[in-house]
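Biologist: Hi, I have just opened this one and would like someone to walk me through it. Could you put it up so that we can talk it over?

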Amino acid sequence: MMDEVDEAEEAKKEERLTGGSSGKSWLDSDRDYTYDELLTRVFDIIREKNPDMVTGEKKKFVMRPPQVLKVGTRKSSFANFADICRLLHRQPKHVLAFLLAELGTSGSVDGNNQLIIKGKYNQKQIENVLRRYIKEYVTCHTCRSPDTLLQKDTRLFFLQCETCGSRCSVASIKSGFQAVTGKRAAIRAKTT
């Protein structure tokens, strides 16, 4: 007898939580919603808008490691620079400006689309700078998707996500290292 009463109460409670047979009792009523109803509603909307979340598969951004080689005694070569820019879907000019600003050096792209950087750098250092670039200028700040576009609107760059549709501004790249060579030598020569 007690089991039947408990089962009836559980059935009523379940019907109340799920919203009856349709599951959406809040659409036609004027009453206050329970926390469980609101929570169910939010998760239903999330599942509806993001079907890939239901399967549990999340896109993971995998990038090839940078190939960094020594060129002489004072320079390094980033051999697959153009390939990585293509994988990131970013202009090489923008990636170059970020790399040079973060490393605090100067460099240029040669005829073979390799980035020649002044200074001794290893693969790990370049990889860490690329990770920071990807975090700031490639992955969506809302849903962490790599499917984004970098658009320049007046003076600001905006990151437009293709997955969730969000749009946010990103920090501008500070100007990189500027070596002053001629002036210092001339000033030193005059003072001595």
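Biologist: Which side chain does Arg-86 meet in a salt bridge?

Modeller: Keeping in mind that this is a predicted model, the side chain of Arg-86 meets that of Asp-83 in a salt bridge, with 3.0 Å from N to O.

Biologist: And where do those two sit relative to each other in helix α4?

Modeller: Arg-86 and Asp-83 are three residues apart in helix α4, which covers residues 81-88, so about one helical turn separates them. Arg-86 is exposed, at 54% relative accessible area, while Asp-83 is partly exposed, at 31%.

Biologist: How many salt bridges turn up in the whole structure?

Modeller: A search of the whole structure finds four. One of them joins the side chains of Glu-127 and Arg-131, at 2.7 Å from N to O, and both of these residues lie in helix α6 (residues 123-137), four residues apart, or about one turn of the helix.

Biologist: Is Glu-127 buried or exposed?

Modeller: Glu-127 counts as buried, with 14% relative accessibility, whereas its partner Arg-131 is exposed, with a relative accessible area of 52%.

Biologist: What about Asp-153, which side chain does that one meet?

Modeller: Asp-153 meets Arg-167 in a salt bridge, at 3.8 Å from N to O. Asp-153 belongs to strand β5 (residues 148-153) and Arg-167 to strand β7 (residues 167-170), so this pair ties together parts that are 14 residues apart in sequence. Both residues are described as partly exposed, Asp-153 at 36% relative accessible area and Arg-167 at 42%.

Biologist: Changing topic to the strands, what is the order in the open sheet of four?

Modeller: The order is β1-β2-β4-β3, and the pairing is antiparallel. The edge strands, each pairing on one side only, are β1 (68-71) and β3, and from one strand to the next the twist averages 25 degrees.

Biologist: How many bridges join β2 to β4?

Modeller: Four bridges join strand β2, residues 75-78, to strand β4, residues 115-118. Along that pairing Lys-75 stands opposite Lys-118, and Ser-77 has Ile-116 as its bridge partner. On the β3 side, strand β3 (residues 107-109) pairs with β4 over three bridges, where the bridge partner of Ser-108 is Ile-116.

Biologist: How many residues lie between β3 and β4 in their hairpin?

Modeller: There are five residues between them, and in the turn Asn-113 has a positive phi of about 60 degrees.

Biologist: Which helix lies across β2, β3 and β4?

Modeller: That is helix α5, residues 92-103, which runs at about 20 degrees to β4.

Biologist: Last topic, the cysteines: how many disulfides does the structure hold?

Modeller: The structure holds zero disulfides.

Biologist: Why is there no bond between Cys-143 and Cys-161?

Modeller: The closest cysteine sulfur to that of Cys-143 is the one in Cys-161, and at 3.7 Å it is too far for a bond, because a disulfide needs the two sulfur atoms within 2.5 Å. As for their surroundings, Cys-143 counts as partly exposed, at 27% relative accessibility, while another cysteine, Cys-85, is buried, with a relative accessible area of 2%.

Definitions and conventions:
Residues numbered from 1 in each chain as written. Predicted model: local features only at pLDDT ≥ 70, side-chain atom pairs only at ≥ 80, totals over all residues. Heavy atoms only, no water. Pairing = 2+ DSSP bridges. Buried < 20%, exposed > 50% of the residue type's maximum accessible area, 1.4 Å probe, protein only. Axes fitted to C-alpha atoms, helices over the stretch in contact; angles between N-to-C directions. Contact = heavy atoms within 4.5 Å.
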